[in-house]
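Let's take a walk through this protein, starting with a single side chain and working outwards. Keep the 3D view open as you read.

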Amino acid sequence: MKIAENAVKGITTTLKKSKMNMAAIQASWRFYNNERVDAQELFENVKEESEEIIKNIDSSFLLVAHDWSWLDFKTHTSKEDLITRDKKGNAKQIGYDLHTSLIINPNNGNPLAPIAMNLQTNKKIYSTYSKDLDVSLTHLQELSKRCKYIDLEVKSYDENKKVVHIIDREADSVLFMRELQEKNSLFLIRVKDNTKVYWDEKQCEIKQKDLAKELNLGKEVGKIKYHKKQARLFVNECDITITRDYSKMITNSDGKKKLIKIPGTPVKARFIVSRVVDRNNKVLATWMLITNVDKQKVHADIIAKWYYYRWNIESYFKLLKTTGFNLEKWQQEKPLALFKRLIVVAFSIVLVFKLANSDDENAKKIREFLVKLSGKLMEKGKEYTLPALLTGLWVFLRMMDVLNTFSIEELNTLKNQAQDIMGFNLFEV
């Protein structure tokens, strides 16, 4: 037991200012499949860490990136309540839908912690923030509820912080923007090409892609990494009003479907065009953004960087899937068991984020230790990668479980017995 306690001392010291500790992570890891512990209870450790994170961010704003990621389980026919939906062509998607809201530091873009998670199946939405979400809710209907929950949660931690909800093009919906506006929520949304807005300066309605063309390159606001290469970020903006009606499909009494238009309150906003430009002045990407964040408080260059930081949620999904925990290979048949394991993994990722961002004197040693446990090779000049830290941490948790179960004498006995059976010394090969 003493060996196990000494092994975690470095990490515990590194995280001494935090409510997070290795004992909590180990407990979560051991009991994720305990039927007496529900998802909300299991997520409490992550919530406590999120509270500390939010209070310590030196900004009056907090970024929360929202996104959905499809979990492909078409080869896992034993899983319960799988969703089957049409894909382009004749292919079918079979699996679950993962919804995540990730806290991002507005000052440097560092990913910090998930503040809410859902797993949607064919029959139910399992959630860290609610036990009674209607499975028939669309993505944006559910997200509207989640944004309200997050706003209230953050206010309970720090009443002076305002959440900016960052969402990709699926949120380019006038109804969704109106709902957030009515709740006094701040949003930053990447928008689609052909949706129309009212251009205040020219007093005309115009497609968003055409409005982007009307705005010149603007000013350079900094350098970013784009597809692992150095690029420059340019930004320009104008004031707009979203006045269009909301379109809704209804079914008449005779069973026929009909598209109706529903008017609503105009949404005053800023239209920001952010362009990524290479060293040869070639535009590599154009991001059209709409936000209701006050321009007197946050300039367009900051807004552009905030949207760039949103891409960290894509990296988070990759950590869960291809570069980290291979989520789509998990064997849990019951969706609740899979969701609870996801929560434990999320807790581990929060620790890895904390270790990666830490300047503590012990952090470098801990990172080196976890990389060595992971067995992953690093590129020349690279100290670590998040996938390597995650893999190393998971090995460490299992190793700690062994050290808490067996004494050193028992482990040496097992080693000698294995050597006798195999006929050679395992540690001299």
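Start with Lys321, a lysine that counts as buried because its relative accessible area is 16%, under the 20% cut-off. Bear in mind that this is a predicted model. What does the side chain of Lys321 meet in a salt bridge? The partner is Glu328, at 3.8 Å from N to O. Glu328 is partly exposed, with a relative accessible area of 23%.

That pair is one of the 24 salt bridges counted in the model. Here are three of them side by side.

| Salt bridge | N to O distance | Relative accessible area |
|---|---|---|
| Lys321 and Glu328 | 3.8 Å | Lys321 16%, Glu328 23% |
| Arg270 and Glu237 | 2.9 Å | Arg270 4%, Glu237 24% |
| Asp81 and Lys123 | 3.8 Å | Asp81 23%, Lys123 60% |

Now look at the second row, where the side chains of Arg270 and Glu237 meet at 2.9 Å. This pair links distant parts of the chain: Arg270 belongs to strand 14 (residues 267-277) and Glu237 to strand 11 (residues 229-242), 33 residues apart. Arg270 is buried, at 4% relative accessible area, while Glu237 is partly exposed at 24%.

The third row takes you to loops. The side chains of Asp81 and Lys123 form a salt bridge of 3.8 Å. Asp81 sits in the loop between strand 1 (61-72) and strand 2 (83-86), and Lys123 in the loop between strand 4 (111-120) and strand 5 (125-127), so the pair ties together parts that are 42 residues apart in sequence. Asp81 is partly exposed at 23%, and Lys123 is exposed at 60%.

Some charged residues do more than pair up. Which residues are linked with Asp168 in a network of salt bridges? They are Asp67, Arg190, Arg310 and Glu314. Asp168 itself has its place in the loop between strand 6 (162-167) and helix 7 (174-182), and with 18% relative accessibility it counts as buried. Leaving out residues up to four places away in sequence, Asp168 touches Ile189, Arg190, Tyr307 and Arg310. With Tyr307 there is also a polar contact between the side chains, at 2.7 Å.

Tyr307 brings us to helix 9 (residues 300-309), which is mostly covered, with 7 of its 10 residues buried. Besides Tyr307, the buried residues of helix 9 include Ala300, Asp301, Ile303, Ala304, Trp306 and Tyr309.

Trp306 turns up again in the largest nonpolar core, which has 93 residues. Trp306 is among the residues with the most contacts inside that core, along with Val164, Tyr316, Leu320, Leu342 and Ile349. Helix 11 (residues 335-357) gives the most to this core, with 15 residues. Apart from this core lies another, of 28 residues, among them Phe187, Trp199, Val267 and Ala269. For background, in soluble globular proteins nonpolar side chains tend to be buried together.

Tyr316 is worth a click too. Setting aside neighbours within four places in sequence, Tyr316 is in contact with Thr100, Leu102, Pro114, Met117, Ala346, Ile349 and Phe353.

Next, a pair to find in the sequence and then in the 3D view. How far apart in space are Glu44 and Phe347, which are 303 residues apart in sequence? The answer is 9.9 Å, C-alpha to C-alpha. Glu44 is found in helix 5 (residues 44-56) and is partly exposed, at 36% relative accessible area.

Out on the surface, Val402, Phe406 and Leu414 make a nonpolar patch of about 230 Å². Val402 lies in helix 13 (residues 386-405) and is partly exposed, with a relative accessible area of 36%.

Finally, zoom out to the whole protein. The secondary structure comes to 14 helices and 15 strands. Of the 429 residues, 49% are buried. The accessible surface comes to about 22500 Å², and 48% of that belongs to carbon and sulfur atoms. Among contacts between residues at least 6 apart in sequence, 63% join residues at least 24 apart.

Technical notes:
Residues are numbered from 1 along each chain as its sequence is written. This is a predicted model: local features need pLDDT of at least 70, side-chain atom pairs count only at pLDDT 80 or more; totals for chains, interfaces and linings use all residues. Side-chain values use heavy atoms; hydrogens and water are left out. Patches are made of residues with over 30% relative accessible area and no salt bridge: like charges are joined within 9 Å, nonpolar side chains (Val, Leu, Ile, Met, Phe, Trp, Tyr) within 5 Å. Accessible areas come from the Shrake-Rupley method with a 1.4 Å probe; for residues, only the protein chains shown count as cover. Helices (H or I, at least four residues) and strands (E, at least two) are DSSP runs, numbered from the N terminus. Buried means under 20% relative accessible area, exposed over 50%, partly exposed in between (1.4 Å probe, protein chains only). A nonpolar core is a set of buried Ala, Val, Leu, Ile, Met, Phe, Trp, Tyr and Cys residues joined through side-chain atoms within 4.5 Å. Contact means heavy atoms within 4.5 Å. A polar contact is a pair of N or O atoms within 3.5 Å; within protein, one must be able to donate a hydrogen and the other to accept it, and residues adjacent in sequence count only if both atoms are side-chain atoms.
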